[in-house]
Structures are given as C-alpha cells and as structure tokens.
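Ready for some practice in reading a protein structure? Work through each exercise below with the model open beside you, then compare your steps with the solution.

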Amino acid sequence: HASIRIRYDSQGTDLYYRQGDNAPGDNIAYLQVGVPEYRISQMVKNGGNILDAYGIVNVVSPSGLPMRGIVGISPDPMMFVAVNCQDVKASRQFYEQLGFAEQEYPYCRPNKGMGQFEPVQPKNSVYLAPSKTSMGVLLLQSEKKRRAVKPNAVVQSLNIVYQPSEGADVDPNADLLKVVDPSSVSIAFEPYEVFEKKEVSTRVLAKVEPEEFQIAETAE
C-alpha cells in the first residue's frame, strides 16, 4: 500500500513552487499512477501543469510533484516513484542495502507496454522494491550525466513504514530516522504505530450524495 501526505504550513514563507512552472527539481522524475480514468480538464482546473498528453499524461501537480498518469488497473494506483540517478549502479547498491531487490517491472494494462497507452520499461533502468507486492522505485540514468541532479524541494521524503521488533519502545514524538540516497532523495523510516495515528488523524470526509460519504486519506 502506498499513499501521499500533503502538508500545508499556513505560517511558512518559503516559496518552493509556483503553479504553472516546471517541477522545481529533477531528482524525482515522476510518480507513476495507474487509474481507471482521468480528466485532463480537471487537472488544469485544479492547478496542474500538463507537460504532454499523448496516450499517457505527464503533469506537474499543483504542489510541484511531477506525475505520470496511465489509464489501467493496478493493485495499488500508486505504482512507483521514478528517480533520476547520476549513477544507477550506486543508487541500486544504496537501495539494496535497505532491503530492496530487483523485481519485475509493473504494468497496469494487459499488453504490458506493447501499445501507445503504456510505455515499456525505460532502457537501462532498474526497478527495485521491498517485495513483489510493494510499491518500489524505478532508477533512471539521468540524461545529463555531467550535471548533478537537482533535489525537488517540495518532496520532503519517501517514507518506509515498518513494524518494530516486539517489545521495542516507540516514541511518537521522536524524529524519524532518515538517510539520503545518491540522488538526494530523503528516505525516512516510520514505525507502523506512528504512521497509523497520523493516517487516522488526517482522514477527510467528503460528502458525495445525501446520506452517503466516502473517505479520502492523506498520509505517507
């Protein structure tokens, strides 16, 4: 399972992204999602910056996160995060030390990239995930090898939720343990108990029809 936590700081003064611009950094290539349908008009209406839309859509979200949308069915709509790497080999070794392993590249359409509506796995890329059913990372070789990738300041971290060993003390107020990958992507480790409390506290109830409602969740 994967999810996104959207943070809002009413007291903040730093401008990380101006709507309509390109993403403010390129270490995160895109977050790929597989969904039954999408509406480009609604993306534009809500502040998205459409980069291209030929069979698939590449868009920068209102907060500055580059995303790729594909019409299809995926066990988890959030399929993976694509990371631009200065050195794919070094990035692979980093994630393998965290327990990731190379997995079969995920597709959300039956033809598995053999059509105009879902591209094949990028050449020389590596897809890694903690397990076959977990969301993973796609490591891409940066097109500009002589220039270091630039961190995207709107992405605070990619969080890995884990179950602490039995009997371990969990301080909900303690800072999360963090490491940084070779592409300057911050990786944080969050105990399940801490994640669960945050997830429940950030649920939003949205009324759909009289006497009906749905739950939309925002969390790591």
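**Exercise 1. Place Gln 121 in this predicted model, and decide whether Gln 121 is buried, partly exposed or exposed.**

Step 1: Find the position along the chain. Gln 121 sits in the loop that links strand 6 and strand 7.

Step 2: Check the accessibility. The relative accessible area of Gln 121 is 27%. Buried means under 20% and exposed means over 50%, so Gln 121 counts as partly exposed.

Step 3: Look for contacts beyond the close sequence neighbours. Leaving out residues up to four places away in sequence, Gln 121 touches Tyr 105, Tyr 107, Val 126, Tyr 127 and Leu 138.

Step 4: Take one of these partners and compare sequence with space. Tyr 107 and Gln 121 are 14 residues apart in sequence, and their C-alpha atoms are 8.9 Å apart.

**Exercise 2. Work out the strand order of the eight-stranded sheet, and explain why strand 2 and strand 6 each have one side without a neighbour.**

Step 1: Read across the sheet. The order is 2-3-4-1-5-8-7-6, in an open sheet with mixed pairing.

Step 2: Go to the edges. Strand 2 (49-54) and strand 6 (101-102) each have a single partner strand, so one side of each has no neighbour in the sheet.

Step 3: See what packs on the sheet. Helix 2 (residues 88-97) touches strand 5 (78-85), strand 6, strand 7 (126-129) and strand 8 (136-141). The directions of helix 2 and strand 8 make an angle of about 160°.

Step 4: Find a parallel pair. Five bridges link strand 1 (residues 28-35) with strand 4 (residues 66-71), in the parallel sense. Val 35 is opposite Val 71 of strand 4.

Step 5: Find an antiparallel pair. Strand 2 and strand 3 (residues 56-60) run antiparallel and are joined by five bridges, with Ala 53 opposite Val 57 of strand 3.

Step 6: Look at the turn. Strand 2 and strand 3 make a hairpin with one residue between them, and Gly 55 in the turn has a positive phi of about 85°.

**Exercise 3. Describe the three-stranded sheet and what packs on it.**

Step 1: Write down the order. This open sheet reads 9-11-10, and its pairing is mixed.

Step 2: Name the edges. Strand 9 (158-162) and strand 10 (177-180) have a single partner strand each, so each is left with one side lacking a neighbour in the sheet.

Step 3: Note the turning. On average, neighbouring strands here are turned by 25° against each other, direction ignored.

Step 4: Inspect one pair. Strand 10 pairs with strand 11 (residues 186-191) in the antiparallel sense over four bridges, and Lys 178 is opposite Ala 188 of strand 11.

Step 5: Add the helix. Helix 3 (residues 192-201) packs on this sheet and touches strand 9 and strand 11, with its direction at about 90° to that of strand 11.

**Exercise 4. Which side chains make polar contacts with the side chain of Asn 159?**

Step 1: Locate the residue. Asn 159 belongs to strand 9.

Step 2: Judge its burial. Asn 159 has 18% relative accessibility, so Asn 159 counts as buried.

Step 3: List the partners. The side chain of Asn 159 makes polar contacts with the side chains of Ser 157 (2.5 Å) and Glu 190 (3.4 Å).

**Exercise 5. How many disulfides does the structure hold?**

Step 1: Recall the bond. A disulfide joins the sulfur atoms of two cysteines covalently.

Step 2: Count. The structure holds zero disulfides.

Step 3: Check two cysteines for burial. Cys 85 counts as buried at 0% relative accessibility, and Cys 108 counts as buried at 6%.

Definitions and conventions: Residues numbered from 1 in each chain as written. Predicted model: local features only at pLDDT ≥ 70, side-chain atom pairs only at ≥ 80, totals over all residues. Heavy atoms only, no water. Pairing = 2+ DSSP bridges. Helix = DSSP H or I, 4+ residues; strand = E, 2+ residues; numbered from the N terminus. Contact = heavy atoms within 4.5 Å. Axes fitted to C-alpha atoms, helices over the stretch in contact; angles between N-to-C directions. Buried < 20%, exposed > 50% of the residue type's maximum accessible area, 1.4 Å probe, protein only. Polar contact = N/O pair within 3.5 Å; in protein donor to acceptor, adjacent residues only side chain to side chain. Disulfide = S-S within 2.5 Å.
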